Amino acid sequence: MLTETFMAKPPFSLEGYKIPEAADAEQGRPYDERETNKAWENFLTFGDAKGENALVRGVIEESWQRSIKSGVNAHCRGSSFVTSPDELYELRLKNDDLLGSSAHTFRRVAEVLGDAATMLVITDRNGVVLDVGGDQRTIDAGHDIRLEVGAAWGETVTGTNGIGTALVTGKPVHVHAAEHFSEGIKAWTCVGSPIRSPIDGSIIGIIDFSGPQAIFHRHNIALAVIAANHIELALSEKIRLERIRLLEASISRMPGMGSADGVVILDRFGRVIHHNDMARVRWQRIAESIDLGIGNRILPSQDGRLAKDLTNGLPEGLREQRIEPLLVDGVVQGAMLVLAARPRASSASAQVSPIARAALTFAKEAIVGCSEALAQAVEKVERAALGRTAVLLEGETGVGKELFARLVHAGGQKTGKEPFVAFNCGAVSKELLGGELFGHAPGAYTGATREGKPGRFEFANGGVLSLDEIGEMPLDLQPYLLRVLEERAVYRLGDNKPRPVDVRLVASTNRNLKQEVAEGRFRKDLYFRIGVVKITIPPLRERLGDVEVLIDHFNRQFAESYGTQPLRFEAAAMELMRRYSWPGNVRELRNLIENLVLMTLTGVVTPRDLPEDFVEAAAQQPSMPLPSGHRSTPENDEVARFDEVERRAIERAVANAGGNIAAAAEKLGLSRATLYRKLHQYRSRT
């Protein structure tokens, strides 16, 4: 039988396994199809399956009772509900860990079963089929009863069956032919076994073997249990490796902490995976009602994705503690909570309001990308935001410096009502610039108003003034700016009265101010005053992997705005966009996508839809070379060929998915985090 065949081939074995008691573990006479059918008819007619000679197992009769109460049609032919493609896509993403951990076991079982007229099924915790495998003829027959990917097989939908009944009982179960509640599936036999989370023991899915009556054997339930155990072991190993990588990521954060600080490491599900002894001591003082045990959830998570505003997700008693995201391969995979020995200075002065936290979340979400270069810039800006000194943002035109200026503002807010005033020094004439910045007294100069007017510094009092293109400021106005910064008071033009202002300056420039100072076009003392903290925003060409992410983001954004379907990109068009150097950076990419959404008639972008000068510039870029220092030798030829094949497969999948990273990852059978890592790996070799 199948069980003996399965157990005879490594690595599967019953040794070391304690097979749990099945829900259908009852003694009695062998299954009799005629008597079972008679019992089913009696049950539908009289509500009682115990006729004079009928014998129905208790687990089956109880399931029939639940099926009746749920309103399941006893004469239906299989599942009556199939999820939409979009819903299935989201379900598979949510169950990425389960699918990834079951892949090897799935292939191994299918190999052992061979052509044994059996199909394998993996479902989520609600009984929705996520994947099928095994004998192709049986899989094809499964379509007749909708035992297929996307179909729901919970008891409330399909009645008594190996999947739904195992979910309800929480135990392995077999349902043989006439024991099914729905008449249309009584020609099938199925064996289902729950797959449980290694963290909390909850059911996260079902592995099911289904096929015609001929495959029936009660011992096959052991096969399902072994397979479920192997999947659980794979999940445990995955969690163990993730834990190691999170601990490694947290090490880089340790130098900024004291030996008396408590440290709690959380995974991407917001669960505790590690804490030191000092954390337990401090925890009892600030969060006594919350359990610090390993595996307990501290932060909310949406299917393995932590919210960007980590602080707001913490329980009330912990929100004044320091919490930082932990990145693995450029993706947030957890967080480090630090229970400081001394309270943070900021918490002593004022608590951050929910409005301010929401503003910070919004500001961070506005910066789109997954590259390591971008993540480092965001992290630096967030750290700078905690202070009050001036910040100088350097970067090419179009990199999004104003978004980073807004992040400084949002990260430094307490009430959420602090003003943010943006001003472009290159947008007004030299004659008007001083009045716009500092204000003016009545009739101070030709064109000044009779009433006088406050300047941008006064409007920004208590908040942030963002001065873009600071390098455009005339030399004769630069001393005024320096005086305001030094004295924290502004003098309106034509007025000697100081007006105190509490303004944090965030200056931005696309120029090399150090060179401007050397050539006498910018004051040295002002340069050092505004550049206490200097942060360079990386150009798009250095943000490896972000072109595809931004294309997908703007494509969906403009499609929604204009009420159209998102565009798809031919592989050749996507390759040109990837190779283009983007001198206009994110702004140029955004404008191009908006143009394509408006002007592309077919919904599919080809190279012909791209601007001619864009295509010419992209075509002139060199193709992806081998890694620097690569030498073609016999021992690395095979590896190089494998890398090249994998790279091309990844790029082709991303292109065919129209730049949709999540869809490409699903097509390749990878998690999004892995695909981002591989994109970064191959793009870093250009």
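**Exercise 1. Give the handedness of the crossing of helix 21 and helix 22, then describe how the two helices pack.**

*Solution.*
Step 1. Helix 21 and helix 22 cross in a right-handed sense. The model is predicted.
Step 2. Locate the elements. Helix 21 covers residues 546-562, and helix 22 covers residues 571-579.
Step 3. Take the geometry. Their axes come within 9 Å and cross at roughly 120 degrees.
Step 4. Classify the angle. The range for roughly perpendicular ends at 115 degrees, and roughly antiparallel needs over 145. Helix 21 and helix 22 are therefore oblique to each other.
Step 5. List the contact. On the helix 21 side stand Val547, Glu548 and Ile551. They meet Met574, Met577 and Arg578 of helix 22.
Step 6. Sort by class. The contact of helix 21 with helix 22 has four nonpolar and two charged residues, and no polar ones.

**Exercise 2. Work out how helix 22 is oriented to helix 24, and which residues make the contact.**

*Solution.*
Step 1. Helix 24 spans residues 612-619. Its axis lies 8 Å from that of helix 22, at an angle of about 70 degrees.
Step 2. An angle from 65 to 115 degrees counts as roughly perpendicular. Helix 22 is therefore roughly perpendicular to helix 24.
Step 3. Helix 22 contributes Leu576, Met577 and Arg579. Helix 24 contributes Phe614, Val615, Ala618 and Ala619.
Step 4. By class, this contact of helix 22 with helix 24 has six nonpolar residues and one charged residue, with no polar ones.
Step 5. Look back at Met577. This residue of helix 22 takes part in the contact with helix 21, and Met577 also takes part in the contact with helix 24.

**Exercise 3. Find the sign of phi for Trp582 and for Ala177, and decide whether each residue is buried or exposed.**

*Solution.*
Step 1. Start with the background. Most residues other than glycine have a negative phi.
Step 2. Trp582 has a positive phi, near 50 degrees. Ala177 has a positive phi too, near 45 degrees.
Step 3. Place them. Trp582 sits in the loop between helix 22 and helix 23 (585-599). Ala177 sits in the loop between strand 3 (173-176) and strand 4 (188-196).
Step 4. Apply the cut-off: buried means under 20% relative accessible area. Trp582 has 1%, so Trp582 is buried. Ala177 has 0%, so Ala177 is buried.

**Exercise 4. Decide how Gln413 and Ala649 count by relative accessibility, and give their surroundings.**

*Solution.*
Step 1. Gln413 lies in the loop between helix 15 (401-411) and strand 11 (420-424).
Step 2. Its relative accessibility is 4%, so Gln413 counts as buried.
Step 3. Set aside neighbours within four places in sequence. Gln413 then contacts Val352, Ala356, Ala359 and Glu418.
Step 4. Turn to Ala649, in helix 25 (residues 634-656). At 25% relative accessibility, Ala649 counts as partly exposed.
Step 5. Leu668 is 19 residues from Ala649 along the chain, and their C-alpha atoms are 8.4 Å apart.

**Exercise 5. Summarise the chain: how many helices and strands, what share of buried residues, and what accessible surface?**

*Solution.*
Step 1. The chain holds 27 helices and 20 strands.
Step 2. Of its 686 residues, 48% are buried.
Step 3. Consider contacts with a separation of 6 or more. Residues 24 or more positions apart account for 68% of them.
Step 4. The accessible surface is about 33100 Å². Carbon and sulfur atoms hold 51% of that surface.

Methods. Residues are numbered from 1 along each chain as its sequence is written. This is a predicted model: local features need pLDDT of at least 70, side-chain atom pairs count only at pLDDT 80 or more; totals for chains, interfaces and linings use all residues. Side-chain values use heavy atoms; hydrogens and water are left out. Axes are lines fitted to C-alpha atoms, for helices over the stretch in contact, and angles run from 0 to 180 degrees between N-to-C directions. Helices (H or I, at least four residues) and strands (E, at least two) are DSSP runs, numbered from the N terminus. Angles under 35 degrees count as roughly parallel, over 145 as roughly antiparallel, 65 to 115 as roughly perpendicular and the rest as oblique. A crossing is left-handed if the near helix is turned anticlockwise from the far one by less than a right angle, and right-handed if clockwise. Contact means heavy atoms within 4.5 Å. Ala, Val, Leu, Ile, Met, Phe, Trp, Tyr, Cys and Pro count as nonpolar, Asp, Glu, Lys and Arg as charged, and the others, Gly among them, as polar. Buried means under 20% relative accessible area, exposed over 50%, partly exposed in between (1.4 Å probe, protein chains only). Accessible areas come from the Shrake-Rupley method with a 1.4 Å probe; for residues, only the protein chains shown count as cover.
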